[in-house]
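Student: I should like to go through this model with you, starting with one strand and then moving to a helix pair. Could you take me through it?

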Amino acid sequence: MAIIEIKVPDIGDFKDVAVIELLVKPGDTVKAEQSLLTVESDKASMEIPSSHAGVVKEVKVALGDKISEGNVVLMLEVAGEASAPAPSAAPTAPQVAASNQAPDPVAQVQAATTPVATGPAEVRVPDIGDFKDVTVIEVMVKAGDSIKLEQSLITVESDKASMEIPSSAAGVIKSLSVKLGDKVNIGDLLAVLEGSASVAAAPTAAATVAVAAAAVAAPAAAAVAAPPAALAVPAHNPTTAPVGLPHASPSVRKFARELGVPLSEVKGSGLKGRITDHDVQAFTRSVMSGAVQTLAAQAQTKVAPAAAANDGAGLGLIPWPKVDFAKFGPVERKEMSRIKKISGANLLRNAIMIPAVTNHDDCDITDLEAFRVSTNKENEKSGTKVTMLAFLIKACVAALKKYPEFNSSLDGDALIYKQYFHIGFAADTPNGLMVPVIKDADKKGIFQISQEMSDLAKKARDGKLSPAEMTGASFTISSLGGIGGRYFTPIINAPEVAILGVCRSTIEPIWDGKAFQPRLMLPLSLTWDHRVIDGAAAARFNVYLGQILGDFRRVLL
């Protein structure tokens, strides 16, 4: 074993930056490129990585210390013989977070700008480092918007980091060439601007306004200062000083975004009120226990003061257990996919905030299944295979029309009754659960719905679903028919107020008054929001749905 020094790597044109957060302590085991501490200048904040893997023996800096390139930050015990410490590797992904101080206007764009005449100007993806085929997850502007030089246009994300792409020119957006879900690379066309513009002379100036760490639970590549052209500014209006912007590091911002935590509502416990990952976790625990409500939840539920006293804080929830599983036997750690992280946070919120009840029932689909099989045989040449789920969607539309409260959403103390029928269906993909939406299902036939479901399911498995194809549902069906099981309790997909769970149908003996007959029975599990729907209405909905599936001619009534 050897003791080596871990020094501050090349962090760009920054000197005497303040240490605002320590991410490790003596005794901790760290990996190469794991973040050790966060520093901040008047322009940006950045996380400093470790150049080696090992055990922290001594931390050489404290909160508030000023450090520069080459300063020793800690002593690390590493495997192997002692040797001269290698210079810390330059981090691979810039991480710049917004500071509470206004950016230095002199340092905003050090690259020279060249004024050009009025006319169209192309804005392309600049050099964003070692990233290829990154996904567009947010579009911040639209055609007709006036934008300024270095204003953020889109946010992209890879499996390692997310970053905002700035404009290399100023003007009015004539056309946008990207949309949500697109994959982009360096040099791809983003937009065409018209009007008076000033184009940056260095097109490869830093693209990132904010690059987040891959995950807080297992910090990945550490960050250095972004080039001077990429300043930390609010996403949708980068020309405005970040007054009141939550004070947090890039990795903490990513962590909060994955959990759905509004950073503006979190009180920071770090230096100068900085928000740490512990603050985000504490806020999440408070919301889960009922001790705290987010502003969005307060606006939605409008809990009366008298009812607020019964907020669940008396449950005495204890922290989640931390267990060293390796001491019991071999283990393997795998990070969850981004989809599972996002859906997990939503499912947790919905399970806690919605007073959900589930009704279980069976319906006879013997005749409907026979009709489905014969229909597919008659239309083998069409290439479109009709599924039972397509019939279920049409049946649910009929039931939603008869019982419109199931097609509503809560808005404070009011209900929004939707006049459209967009039905979501849960699709199992290699990356996790996704919910494509069949829009205007009431206006489509069984064959059209079947074909659209097939197309959407394939796009979901291929990871090509756009956000527009997963939003707007007024009711959702979660089917396990292809897998098995009897009943389950699906979680409502807020802001919807109900969801139907369906399992595999089975042949059962059913008494017809004279004898037992073999009938194909389909298990139904209807989960509903008790704030909107009562038990009697839920029972009627399930019974009516079963009647339609038992005799599909009722859809015409």
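Tutor: Certainly; please bear in mind that the model is predicted. Let us begin with strand S26, residues 475–479.

Student: Is S26 mostly covered or uncovered?

Tutor: Strand S26 is mostly covered, with four of its five residues buried.

Student: How many bridges join strand S22 to S26?

Tutor: Three bridges link S26 to S22, which spans residues 423–425, and the two strands run parallel. Within this pairing, Phe475 of S26 has Ile423 opposite.

Student: And in what sense do S26 and S27 pair?

Tutor: Strand S27, residues 498–502, pairs with S26 in the parallel sense, over four bridges.

Student: Which residue in S27 is the bridge partner of Ile477?

Tutor: That partner is Leu500.

Student: Now the helices. At what angle do H7 and H9 pack?

Tutor: Helix H7 (residues 388–402) packs against helix H9 (residues 535–550) at about 135 degrees, and their axes lie 9 Å apart. Because of that angle, H7 is oblique to H9.

Student: Is the crossing of H7 and H9 left-handed or right-handed?

Tutor: The crossing of these two helices is right-handed.

Student: Which residues make the contact?

Tutor: On H7 they are Phe391, Leu392, Ala395, Cys396, Ala398, Ala399, Leu400 and Lys402. H9 contributes Phe541, Tyr544, Leu545, Ile548 and Leu549.

Student: How do the residues of that contact divide into nonpolar, polar and charged?

Tutor: Twelve residues in the contact of H7 with H9 are nonpolar, one is charged, and there are no polar ones.

Definitions and conventions:
Residues numbered from 1 in each chain as written. Predicted model: local features only at pLDDT ≥ 70, side-chain atom pairs only at ≥ 80, totals over all residues. Heavy atoms only, no water. Buried < 20%, exposed > 50% of the residue type's maximum accessible area, 1.4 Å probe, protein only. Pairing = 2+ DSSP bridges. Axes fitted to C-alpha atoms, helices over the stretch in contact; angles between N-to-C directions. Parallel < 35°, antiparallel > 145°, perpendicular 65-115°, else oblique. Left-handed = near helix turned anticlockwise from the far one by under 90°. Contact = heavy atoms within 4.5 Å. Nonpolar A, V, L, I, M, F, W, Y, C, P; charged D, E, K, R; others polar.
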